[in-house]
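Reader: I'd like a close look at one part of this model, with the cut-offs spelled out. Could you walk me through it in one go?

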Amino acid sequence: MEHMGIEPGRLQFSWISSAESTKFVKVVKEVTETIKSLGPRKHFIKTEAKVA
Amino acid sequence: MKVLKITKEDLAKGLDTLNKSFRLIGPVKDKDEEFHNFEELGQGELPDFNFRNTRLSPKSIVYPQSEKMFEYTLDSNDPEHDILIEVKKEPSPQVVVGIRPCDAKAFSLVKLNFDTPEYKDPYWLRRFEATTLLGLACHNPCSSCFCASAGSGPFNTESLDMLLVEEQGGYLAQVLTKKGEELAHTAGWTDEAGSDAQKQIDTMKEAAEKRIKSQISTDNLKNKLDMEIYEEPYWEDVSFSCINCGTCTYLCPTCWCFDVQDETCGNCGIRMRNWDSCMYPLFSLHGSGHNPRGEKLHRVRQRFMHKLKYYVDKYDSGIQCVGCGRCVNHCPVNIDIRRVCELMNRSEVCPVTTE
Amino acid sequence: MLEYTEKIREISQKLLKDSKVDMVIGFRKGTVPMMNEPTFIRNANEVGQLIWDSNCGINLANYLTGRKEKIGIVAKGCDSRNIVVHLVENKVNRDNLHIIGVPCKGMIDRRKIGVIYGEEILNVVEDGEKIVVEGDGDEKVYDKKDVLQENCAICIHRNPVIYDELVADLVEEQKDVDRYEDVRKIESMPPDEKWAYFEGLLKNCIRCYACRNACPLCYCPTCFVDESRPQWVGKSIDPVDTRTFHFLRAYHCAGRCTDCGACERVCPVGINVRAFTKKLEKDVKELYDWEIGLDPNVRPPLDVYKTQDPEDFIK
Ligand code: SF4
Ligand code: SF4
Ligand code: SF4
Ligand code: SF4
């Protein structure tokens with residue numbers, strides 16, 4: 001995704017077991033913060049198809 | 001019919017003038033230098049006539065690949081919710097400069113489908129009516145062009161409003177319709193050519209037709225029974241290599257099939273139509289899950305049967321192909337309509353030979 | 001190339017005569033310059049149609065998917081690797097195949113030749129390492145190495161990796177090839193430039209799906225772009241939808257793509273679609289040291305878990 005120009009950081013991967021509730025909360029917080037700091041997304045926005 | 005003489009400078013000047021009141025569309029070389037396509041010309045931009053034929057056909061100028069037809073809202077507070085409302089579109093008057101005679105002729109084939117006594121396709125018709133076709137005769141047809149035996153020809157004037165014929169230093173221009181006359185008037189092309197101009201054009205036309213090396217025979221198609229062709233054993237051989245990519249139909253100026261789609265975003269949405277192709281399995285998939293053309297053999301056969309048999313029978317105006325050669329050159333696996341047409345047209349049954 | 005053709009015919013004839021196979025899949029001469037058509041032969045006295053030259057770039061493994069007959073198949077290096085992928089993914093049974101291996105010397109790029117020749121091409125003749133182009137302009141002679149398909153120019157598996165018979169001695173593999181120069185170039189761009197690069201790349205795409213359909217890997221009964229319940233991606237030529245098709249197609253080929261170049265070869269508007277798949281190929285190589293299609297007995301890395309799998313991209 002980043003290779004084709006999505007802002008670095010917008011796509012993240014995590015591996016959380018169903019038993020790891022604290023890790024889940026921590027990751028969600030981190031991800032939300034990173035995404036907020038990136039600002040509004042620039043790409044992959046489609047409200048209505050661009051057609052004739 | 002009037003024949004005008006237009007110098008290269010006058011053509012450029014005239015086009016500049018036209019560009020002020022029309023959307024001007026002409027062949028432009030793609031940036032990567034591989035092929036030409038029809039594009040809107042900016043102010044002062046001139047079409048590039050140094051092309052054989054464009055990669056994509058100009059059909060999209062009248063019949064865009066994706067086109068919005070209706071809008072709707074699902075917001076129950078809106079008095080018009082859940083109603084499909086036709087999108088108001090007044091196509092702006094446009095001129096296609098440098099369209100080849102085969103591609104222009106294709107519009108008249110497609111028109112048979114979109115403009116019938118019972119049904120009229122408003123989207124196609126409105127655009128077509130707003131379009132003036134300023135053709136460019138073909139002096140050097142490609143080796144794969146077979147327009148002359150497909151009911152068209154390098155100087156064919158069908159559907160055209162005006163035809164430019166290149167000659168030394170400029171062009172002779174046949175003014176063919178009222179639209180063409182108005183166009184010439186607006187552009188300021190008024191210089192009438194001498195009395196022998198038509199003869200000159202005819203000579204060049206003959207020479208161009210002689211240069212066409214490729215041809216098909218279609219004389220038996222009409223007399224054969226549908227089932228006779230349908231059940232021929234050669235379809236397996238013909239269809240084997242096909243990857244059902246639809247390139248042949250998307251590039252073809254005479255293919256007209258489309259698919260209707262709704263797309264909703266939040267509470268609002270549009271209903272649009274997109275080109276579709278008989279080469280896709282989805283094309284004929286029923287809601288029940290049944291697919292009457294479930295195998296590629298069926299689909300390949302359908303394409304050729306439609307173009308070379310059903311169309312011929314239904315409209316009695318030749319085949320649904322103008323011989324532009326696009327599918328011949330760009331089918332990735334080289335399925336050649338000329339070869340298939342020969343098979344379908346041959347009168348005696350002989351074993352499948354494919355050399 | 002004549003020797004190749006003769007040998008292919010000879011082998012095919014024997015296979016069909018002895019009823020070892022029901023059909024042989026190969027190429028026959030095309031009707032336009034630099035094009036050959038994939039074909040099948042069932043009858044031993046029709047093997048004369050089969051040919052081999054530098055215009056056999058279509059990947060024949062694509063024609064094997066799900067077939068149950070006994071098949072003789074002509075396979076160059078990349079075709080054979082895709083046959084391996086098919087074997088690993090159970091798309092064809094090895095016992096049903098008789099692989100006629102073709103040590104490949106590279107396929108020529110029809111578009112590239114068209115561009116450099118400039119005029120209409122009427123005939124192209126191969127003369128060893130030379131390509132002679134005849135057409136509307138003067139006759140021109142090019143070095144084959146200058147007009148190879150891009151993927152062939154950087155190919156390091158020209159010889160079939162799996163075969164029952166060979167049509168000629170193995171060829172020398174290309175050494176010291178830099179396979180990822182173009183990928184690195186994109187990698188070094190800032191995000192916006194990357195975005196713009198791919199936007200430009202796809203601007204002519206008509207979503208015909210030739211790239212998908214030419215690929216032996218793309219055999220899903222219903223492709224995600226064709227699925228309507230739920231609909232994953234819009235069907236118009238909206239740029240967001242077009243891009244979605246392309247990057248998802250590439251993901252579906254991750255760790256499976258052999259860089260055979262079929263997808264790129266068939267695109268009617270000349271889009272370099274390998275720009276997507278090659279990045280993934282490079283990543284898989286770097287992360288898992290994996291090259292696909294070399295051994296039918298090893299599962300690919302995205303299929304198996306190993307404790308030493310890299311995981312620093314997972315938080
Ligand atoms: S372009 Fe060729 S391969 Fe593609 S659908 Fe048409 S006939 Fe089949
Ligand atoms: S069928 Fe082929 S040759 Fe005929 S008009 Fe269509 S693209 Fe041109
Ligand atoms: S083959 Fe080319 S035009 Fe067709 S979908 Fe693929 S990239 Fe787009
Ligand atoms: S994605 Fe393209 S290069 Fe890769 S295996 Fe498929 S057709 Fe070949």
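Author: Sure, and a definition comes first: a residue is near a molecule or strand if one of its heavy atoms lies within 4 Å of it. On that rule, 13 residues surround ligand 1, the closest being Cys242(B), Cys245(B), Gly246(B), Cys248(B) and Cys331(B). By class, that shell has nine nonpolar, three polar and one charged residues; here Ala, Val, Leu, Ile, Met, Phe, Trp, Tyr, Cys and Pro count as nonpolar, Asp, Glu, Lys and Arg as charged, and the others, Gly among them, as polar.

Some housekeeping: this is a predicted model, where local features need pLDDT of at least 70 and side-chain atom pairs count only at pLDDT 80 or more, while totals for chains, interfaces and linings use all residues. Residues are numbered from 1 along each chain as its sequence is written, chains are lettered from A and ligands numbered from 1 in the order in which they are written, and side-chain values use heavy atoms, leaving out hydrogens and water.

Now to where chain A meets chain C. The contact (heavy atoms within 4.5 Å) involves 22 residues of chain A and 24 residues of chain C. About 1900 Å² is buried between them, with carbon and sulfur atoms giving 64%; buried area is the accessible area (1.4 Å probe) that two parts lose on being put together, summed over both. On the chain A side, His3(A), Met4(A) and Phe44(A) supply 38% of the area buried against chain C, more than any other three residues.

As for charges, the rule finds two salt bridges across this interface, each a side-chain nitrogen of Lys or Arg within 4 Å of a carboxyl oxygen of Asp or Glu. One of them pairs Lys46(A) with Asp241(C), the closest N and O atoms being 2.6 Å apart.
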